[in-house]
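Dear colleague,

Here is the structure I promised to hand over, and below it you will find an account of what turned up in it. Please keep the picture open while you read.

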Amino acid sequence: MCGTDIDTFKQIFRDHWETFKATYPQFATPDYDIAVQKMLDCGDPEKMGYKQYRCLRCGEWRRIAFTCKSSFCLDCAQPRTSQWADFIGRRLFPGVTYRHFILTTPDFLRNYFYQCPDLLGTLMQRGYACLQDIFQTTTGKPLDIGCVMVLQTYGRSGEFNPHLHILMTAGGLTDEGKWKNVKFIPYDVMHRKWQYHLLDLLRQEVRDPKVQKDIDRGWKNYPKGFVAHLQPGDVPPGGKGLAEYLAKYVVSPPISVRRLEEYDGQQVSYWYEDHKTQAIQHATLPVLRFIGRMVQHILPKGFQRIRYFGLHSHPRYQAIREQLATLLPSSPASDPRGYRVLPRPQFAQLFFSTFGRDPLLCPRCGTPMEWELLYHPRYGILKEAQLFQDEPPDGRTESEPSSVAAENAEGDSLATSLALVQLSLPFL
């Protein structure tokens, strides 16, 4: 198969998933099977369910399949990115600016997290403890800070590379209940603090006797500390740009369809941008190795890839929001980088902005279609609207063509429009 499209990623798994599990039995578990099957079933109305719409003028109907909304699905990544960014935009505290931290793990330590995924949760907790330590060292006093933390497990080429993306308040509450801004954080402090917290995590949590050699190596070979990035510039109050940037790490799969170059049944070719050189690199892998690179990033069921700490923690969030409203300006200063949160667009609006047409206009007569029923593959029809008292306007059933369809039988799009319409869209 030369060239790729939206179905190529699915086809790779259709062809080789069972062989992959037989070759690597550690992946033959429900966590991986469920994630892969959801991705394969995405957009299939008989397996995922659908909404059905009907035209009240000519009786034409259309079924729009539900999608899996999985972070492993290429179809579902883009709209979920936008939705999550909007959510984070609403969750940011008004009047508070934020900074973007990235805390990385050296390559010689990554295998510990690969072999024991439970350590990834502890990694996130230590990331927050490290930030608290950095702020206290910088300001000379403890600060109550808040952050939204996202665990990312893959690098740009798809290899296992656990690291943390953190959207953090550029300041915090003092013990006296006052807000203190922090505009400067020394890089050397940040690097050394992260080195200490990461190596201390391994010392306390890993029982492998070999870990001490790696801890010693971490201290000896990295005298300036481990890599930790602080993106330049503040995120303006209500700023959406970084929220969108962070969102793609939350909901996107390890690769996008535009990066797939070729799949011939045995090998997969794709490209990526090298992080260090910023140059485009091309990779061609045996198909089982490619599948391994993808599924190694599926986390255990119930694992929270997104976590909220400190001021942003769920139990405290609303009370802190109200408290900050009395301490900070209610209307932040105008900033060209800022944005105004808009309501989440509805399905038809999202479809129109992408494809330039209204999906709920009748393909036969152009009349807006009305919602008719909601179907689930396990439970059947969940909800139904009685649009017609007796039968459709021309008395036909779903399997019988209307007089309008007969008049337009020579048009392929109209002649086939009575068949099940599957729109491979991730908006529902």
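**The aromatic cluster**

One aromatic cluster is formed by Phe9, Phe13, Trp17, Phe20, Tyr24, Phe27, Tyr32, Phe72, Tyr270, Tyr272 and Phe290. Please bear in mind throughout that this is a predicted model.

In the structure there are 17 aromatic pairs. In one of them, Phe13 and Trp17, the ring centres are 6.0 Å apart and the planes stand at 45 degrees, so this pair is tilted, the tilted class lying between the limits of 30 and 60 degrees. Both residues belong to helix H1 (residues 8-23), where they are 4 residues apart, about one turn of the helix. Phe13 counts as buried because its relative accessibility is 1%, under the cut-off of 20%, and Trp17, at 4%, counts as buried too.

Phe13 also pairs with Phe72: here the ring centres are 5.6 Å apart and the planes are at 85 degrees, so the pair is edge-to-face. This pair links distant parts of the chain, since Phe13 is in helix H1 while Phe72 is in the loop between strand S2 (61-65) and helix H4 (77-91), 59 residues apart. Phe13 and Phe72 are both buried.

**Charges over rings**

Two arginines are worth finding in the picture. Arg91 lies over the face of Tyr308, 4.5 Å from the ring centre, and Arg217 lies over the face of Phe108, at 4.3 Å from the ring centre.

**The nonpolar cores**

In soluble globular proteins, nonpolar side chains tend to be buried together. The largest nonpolar core here has 40 residues, and those with the most contacts inside it are Phe113, Leu123, Leu164, Ile166 and Leu202. Several elements each supply at least two residues of this core, among them strand S3 (98-103), helix H5 (110-115), H6 and helix H7 (187-205). The largest share, 9 residues, comes from H6.

If we leave aside its neighbours within four places in sequence, Leu202 is in contact with Leu109, Tyr112, Phe113, Val211 and Ile215. A second, separate core of 33 residues includes Tyr32, Met48, Leu74 and Ile298, and Tyr32 is also a member of the aromatic cluster described above.

**A residue in helix H6**

Is Gln136 buried or partly exposed? Gln136, which has its place in helix H6 (residues 118-139), is partly exposed because its relative accessible area is 40%, a value between the limits of 20% and 50%. Apart from neighbours within four places in sequence, Gln136 is in contact with Lys141 and Pro142.

With best wishes

Terms used:
Residues are numbered from 1 along each chain as its sequence is written. This is a predicted model: local features need pLDDT of at least 70, side-chain atom pairs count only at pLDDT 80 or more; totals for chains, interfaces and linings use all residues. Side-chain values use heavy atoms; hydrogens and water are left out. Buried means under 20% relative accessible area, exposed over 50%, partly exposed in between (1.4 Å probe, protein chains only). Contact means heavy atoms within 4.5 Å. Rings of Phe, Tyr and Trp (its six-membered ring) pair if their centres lie within 6.5 Å; planes under 30 degrees apart count as stacked, over 60 as edge-to-face and the rest as tilted. A charge sits over a ring if NZ of Lys or CZ of Arg is within 6 Å of the ring centre and within 35 degrees of the ring normal. A nonpolar core is a set of buried Ala, Val, Leu, Ile, Met, Phe, Trp, Tyr and Cys residues joined through side-chain atoms within 4.5 Å.
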